[in-house]
Amino acid sequence: MTTDTDSDPGEPALTIDELAARAGTTVRTVRFYGTKGLLPPPVIGARRVGHYGREHLARLALIEELQHQGMTLAAIERYLNRLPPGLSHHDLAVHRAVVASWAPDTEETVTAEELRRRAGRPLAAEDVERLVAMDVVRPDGETYRIDPGLLRLAVELLDVPLSEKAILAARTVLIEHSRAAAHELSQLFRAEVAERAEKDVKSLSAHMQPLIVQALLTAFQRSLRAEVHQWLPESEEGRPS
């Protein structure tokens, strides 16, 4: 199977059949999304064969997550149309993470085949072992217990040259600081909703949660970029990531 694992992130390398298989959907669905404008057109190569890249995979994953949240096709179209143009597959992954954060904490039991489908890529035995080490996947007899909100993000980390120890340490740092931020924000907003009716409080929470998560992500990205520039050698700063 042709893959774009070793190519440039934006280089189209998948046929429509391969894209559908990697995304865990059907060719008919991919074509339907294309006609609706939910997916950008493929790059036409030799013999008029269309080729797709990581952006298409990331968009399909985002669409799947939006459907998982119960959004209709019309609502998904509106959501995607509001996205800034030219988003990379990394940017789309961030949007998917924000959408996934709206859902309550859940844990699902899946088969090995379903685990590979959810991952959106083939998983070797060592890949599954690394996901288990990250505490995102837990073997349960012949099945696996997974955290749906973290699985795709953990799969992205499979290609990052970091040890499981470093990844788990980073996760601990993020959890501790995110809980501290959530606590302070909760205290800040508590006074604002103290005198309001319960339905108004729930409505405010539903509207504020995605906004706060997006704000936190934006602030974190900028802070991390500033930190990286402090220790990254000058010769590396100008190179594309």
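These legends walk through several close-up views of a predicted model.

**View 1. Three strands line up as an open sheet.**
The strand order here is 3-5-4, and the pairing is antiparallel. Strand 3 (108–110) and strand 4 (137–140) sit at the edges, each pairing on one side only. Going from one strand to the next, the twist averages 30°. If you're wondering what holds a sheet like this together, strands pair through backbone hydrogen bonds, either parallel or antiparallel.

**View 2. Strand 5 meets its two partners.**
How many bridges join strand 4 to strand 5? There are four, and the two strands run antiparallel. Look for Val 137, whose bridge partner in strand 5 is Ile 146, and for Asp 140, which stands opposite Thr 143. On the other pairing, strand 3 and strand 5 are joined over three bridges, again in the antiparallel sense. Thr 109 has Arg 145 of strand 5 as its bridge partner.

**View 3. Strand 5 has a covered face and an uncovered one.**
Tyr 144 and Ile 146 make up the covered face, while Thr 143 and Arg 145 are on the uncovered one. This fits a handy rule to remember: in a regular strand the side chains alternate between the two faces of the sheet. Now check out the hairpin of strand 4 and strand 5, with two residues between the strands. Gly 141 takes a positive phi there, near 70°.

**View 4. A salt bridge spans one turn of helix 3.**
The count for this model comes to four salt bridges. The basic idea is simple: side chains of opposite charge can pair when their charged atoms come close. Here the side chains of Arg 59 and Glu 55 meet at 3.3 Å, N to O. Arg 59 and Glu 55 are four residues apart in helix 3 (residues 54–68), so about one helical turn separates them. Is Arg 59 buried or exposed? At 13% relative accessibility, Arg 59 counts as buried, whereas Glu 55 is partly exposed at 29%.

**View 5. Salt bridges also link distant parts of the chain.**
Arg 117 and Glu 64 meet in a salt bridge of 3.2 Å, N to O. Arg 117 belongs to helix 6 (residues 112–119) and Glu 64 to helix 3, with their positions 53 residues apart in the chain. Both are partly exposed: Arg 117 has a relative accessible area of 27%, and Glu 64 has 25%. Glu 114 joins in too, as salt bridges that share partners tie Glu 64, Glu 114 and Arg 117 into one network.
Elsewhere, the side chain of Glu 77 forms a salt bridge with that of Lys 36 (3.7 Å, N to O). That pair also links distant parts of the chain, with Glu 77 in helix 4 (residues 73–81) and Lys 36 in the loop between helix 2 (27–35) and strand 1 (43–44).

**View 6. Phe 32 and Tyr 33 form a tilted ring pair.**
The model has a count of one aromatic pair. The ring centres of Phe 32 and Tyr 33 are 6.1 Å apart and the planes are at 50°, so the pair counts as tilted. Phe 32 is partly exposed, at 38% relative accessible area, but Tyr 33 is buried, at 9%.

**View 7. Leu 174, Phe 220 and Leu 224 make a nonpolar surface patch.**
The patch covers about 290 Å². Leu 174 is found in helix 9 (residues 164–193), and helix 9 is also the place of Ser 178. The C-alpha atoms of Ser 178 and Leu 216 are separated by 9.0 Å, though the two residues are 38 residues apart along the chain.

Conventions. Residues are numbered from 1 along each chain as its sequence is written. This is a predicted model: local features need pLDDT of at least 70, side-chain atom pairs count only at pLDDT 80 or more; totals for chains, interfaces and linings use all residues. Side-chain values use heavy atoms; hydrogens and water are left out. Patches are made of residues with over 30% relative accessible area and no salt bridge: like charges are joined within 9 Å, nonpolar side chains (Val, Leu, Ile, Met, Phe, Trp, Tyr) within 5 Å. Accessible areas come from the Shrake-Rupley method with a 1.4 Å probe; for residues, only the protein chains shown count as cover. Rings of Phe, Tyr and Trp (its six-membered ring) pair if their centres lie within 6.5 Å; planes under 30 degrees apart count as stacked, over 60 as edge-to-face and the rest as tilted. Buried means under 20% relative accessible area, exposed over 50%, partly exposed in between (1.4 Å probe, protein chains only). Two strands pair if DSSP finds at least two bridges between them. Axes are lines fitted to C-alpha atoms, for helices over the stretch in contact, and angles run from 0 to 180 degrees between N-to-C directions.
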